[in-house]
Amino acid sequence: MPIAGVVITTRPDDLEATLQALAGFKALEVHASDAEGNIVAVLDTGSLDAMEGLVREINGVRTILSVGLTYLNAEDEIERPGSGERLFGLRSHQEQ
Amino acid sequence: MAQTRRDFLKKTAALSAASYVGVHLPFDGTALAGTEEGITWHPGTCRLCGSGCRLELGVKKGEPVGLRGIPGARTNFGYLCMKGMLFWKCMRHPDRLTTPLYREKKTDPFRKISWDQALDIAAARFADAVRQHGNDSVAYYGSGQALTEETYLFQKIMRGGLQTNNVEGNPRLCMASAVGGYLTSFGADEPIGGYADMEKATCFFIIGSNTAEAHPVLFRRIMRRKLDNPEVKVINADPRLSQTSRIADKHLQFRPGTDLALLNGMANVIMEEKLYDQNFLSTYATFRQGKEKKEVSLDDYRKFVAGYTPEKVAGICGGNITADDIRQVARWFATATGTVSLWTMGINQRKRGVWANNLIHNLHILTGQLLKEGADSLSLTGQPNACGGVREGGGLCHILPGHRLVKKEKLRNQVEDAWGIPRGRIPPKPGYHTMAMFSAVNDGRIKAIWINCTSPAQSLPNCDHYNKGLAREDVFIVCTDIFPTRTTEYANLVLPTAFHFEKTGVYGCTERRSQLTRKAIDPPGDARPEVWIVREWAARLADRMKDPVISQCIKPFSGLDASYDLPRAIWTEYTQKVTKGRDNDLRGATYEVLARMADGVQWPALDEKYALTGGTTKKFVKGKDPLATIHSQNDLPYQFYGPAHPDRKLWVWLRPQADPEEMPDAGYPFYLSTGRIIDHWHTMSMTGRVPELLRANPYAYVEINPRDARRLGISPGDMVEVRSRRGVNLLPAKVYEGPVEGMVFVYWHDQEESRMINKVTKDAFDPGSKEPEFKICAATVRRVSGPRPLKPFLVRG
Ligand code: SF4
């Protein structure tokens, strides 16, 4: 269950609309924003896969110019017991 | 994980993000102490592009568990992109190579062998080749991803030990034209300024670079600058609309291969409208023409660019460009308080890539948009250590470490003296450049080649042609890598190497900045650092060839621990003995200093005290560059001491428009171009193994302009054949208002046979830089069927 800190950037004029759009993402918590269009948020997803998908979706919001990652903790992923194959939930695509 | 701990971690994440933008949160870090208990954070540099973002790897119980940016780093101020955030997942991947593999014949299966056996075989095969076929029958082909210590040691053994300059690397495929451009325009390689200019610039000219996807964290800086200062102008010139165009005030979508005309057109406006800086020009510049570098006058130059009127150029460029657009962007460029130009492969990977680089530099010299804060002509690097390792560390066939030309005896002698080997040991003739090297493999002139950390079987243009050579049974191939690749499929010997953070060494990024990454975790299985591999191989070579000079090459490194002391000793020799007195003087950037810096040191940095300030932000400027003061010959503030310009001036070049080697015609009516996508990198051997990145873009596709698609009856997802005179791909279509009409664009990462676009690209190369023209060739495009289910593909062991 990885957790990431991000700074999402939008044009200042689009800040309100962007915050509204972000309210629709369940795995995202907005912690703060400022007049320059910076939005401080935390992503808390079930897997890194979901995290990547979420970042992609956020990037796809029309008013968002960038999603800058600053922090990622994925320690849960390695705490799962299992072989090397399962460490990070990795498996080569050909076996998927 | 307990809920409370999870909440704490979320607050830690929020605080991290908030600190970057100076936003205050209603809680502070003190209560969170202990949240990350058991995690140690290890500083280093991102592995996945040339931006040089600094980050820390979180390690718990010897395993990587997380990543965070380093806010104090002047490269990225703590920001990372998703690709950078996930590269650590390669570290414990089950596909990692963990033991040496060998096969006598390339058609046999590999078998596991010991390191002793592997190193004996490698030494025997290289020694035999030299004995039977001469010194130039062996070669090293390296990488802009190898650490500087690795490139330096490999080339030392090849040149000083095996007496061949057959030392090359994949930066030939991406950066060589930028090297040629800097040398011929400014007299010295590498940029004058750096990223810090972005926060001072009032105009950005981005040409031939999809910065948003290829250098996302740098793009963030540009975007932030634009958002904070809406009057800042962003010009994006590219035949393809990309994510970068999102923030552009003007996108110039020109027909592929007309870039030189466009740049001369801008120069025309600057001359006609007297937007040039007469004082700067008469003090610091001369005008040059032709192979013989003949000096001509300002008037000659004016007459030359008079042939590139905006109206004429708009006609040549086609696309959406009007004469007024050209006038407009030239005015923005010239009149801004500071203009920064940025480019990458769109400019470099051209038949006349050096000329294209010269013409960008011309605009900066003409307008004086150089040397001052907020102005620079900045070529972005694609790989994390193309600059530091290969350009500076002697990783190309014509250059020795410290920006020395092989052909100059005095410079060869300096290196020989530094190495304590007899003068005359390094041969005077440059070795094979990349395309010549693989041609020599093709026709059997090279008998043994060491390929390190790169995959030419996929990354060379017209790769099928060169892969015939790699398949020859009389060419012995060693590959050092972390994963199987298209190239290990041709190897006799595959040696597993330690990955980033599993070993210690320095990367030098785009802006002359060297940064240290120390070992934080153990490599898997029996993977070893390259510096250990080369040292042990060289020791066996010395024995076999009974050559004390080879022993001398590794003597300073004998017995040192490979995880730190060995790379440190190599770096110390390189910086203290070999860069001393050169323009990339790195003597102040010792391991001890680098370890204290959040973001490394920009050369020149002659001593530790100066290096601890961060080094030189602007080359050639007295007061900012210690060498400018040392080499000063007058009272002027700028001193161009670069070795290539004896007149100590900047050179404005008269370079005409030059078409690509291959133009569309009736048989092959489309331009084909290739490039990157945000999630993947190069031949996907790493990013393809991060499932999150692979799933986002599991295979390559071909982008087609909607008008072309309509004409050809192609719908989104249809399978489309892209064919050139050299090869063919079968790719799903993405119908998209990206490429200009008449052009298709394909991502080059995919390893699957029918989607490897370098089977289709052309291997023509720039006669100066020898860099191939990946970016343009002629192709046919044809619908084959409706959508088909496709599987992603990676080479397995
Ligand atoms: S921009 Fe490049 S260096 Fe920075 S995090 Fe992304 S891949 Fe790494």
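## How much surface is hidden

Chain A and chain B bury about 4,700 Å² between them, and 61% of that area is on carbon and sulfur atoms. If you're wondering why an area is quoted here, the size of an interface is often given as the accessible area lost when the parts come together. Keep in mind that this is a predicted model.

You can also look at the meeting place in terms of residues: 52 from chain A are in contact with 60 from chain B.

## Links across the interface

Let's zoom in on the polar side of things. The rule finds 11 residue pairs in polar contact across the interface of the two chains, both residues being at pLDDT 80 or more. It also picks out two salt bridges there. Glu29(A) forms a salt bridge with Lys10(B), and their closest N and O atoms sit 2.8 Å apart.

## What chain A brings

Which elements of chain A give two or more residues to the side that touches chain B? They are the strands β1 (3-10), β2 (28-33), β3 (38-44) and β4 (64-73), plus the helices α2 (48-60) and α3 (75-79). β4(A) gives the most, with nine residues.

Sort the residues on this side of chain A by character and you get 22 nonpolar, 17 polar and 13 charged.

## Strands that pair between chains

So what does β4(A) pair with in chain B? Its partner is strand β3 (residues 63-69) of chain B, and the two run in the antiparallel sense over three bridges. To find a spot to look at, try Asn73(A): its bridge partner in β3(B) is Gly66(B).

Definitions and conventions. Residues numbered from 1 in each chain as written. Chains lettered and ligands numbered in written order. Predicted model: local features only at pLDDT ≥ 70, side-chain atom pairs only at ≥ 80, totals over all residues. Heavy atoms only, no water. Contact = heavy atoms within 4.5 Å. Buried area = accessible area lost by both parts, 1.4 Å probe. Salt bridge = Lys/Arg side-chain N within 4 Å of Asp/Glu carboxyl O. Polar contact = N/O pair within 3.5 Å; in protein donor to acceptor, adjacent residues only side chain to side chain. Helix = DSSP H or I, 4+ residues; strand = E, 2+ residues; numbered from the N terminus. Nonpolar A, V, L, I, M, F, W, Y, C, P; charged D, E, K, R; others polar. Pairing = 2+ DSSP bridges.
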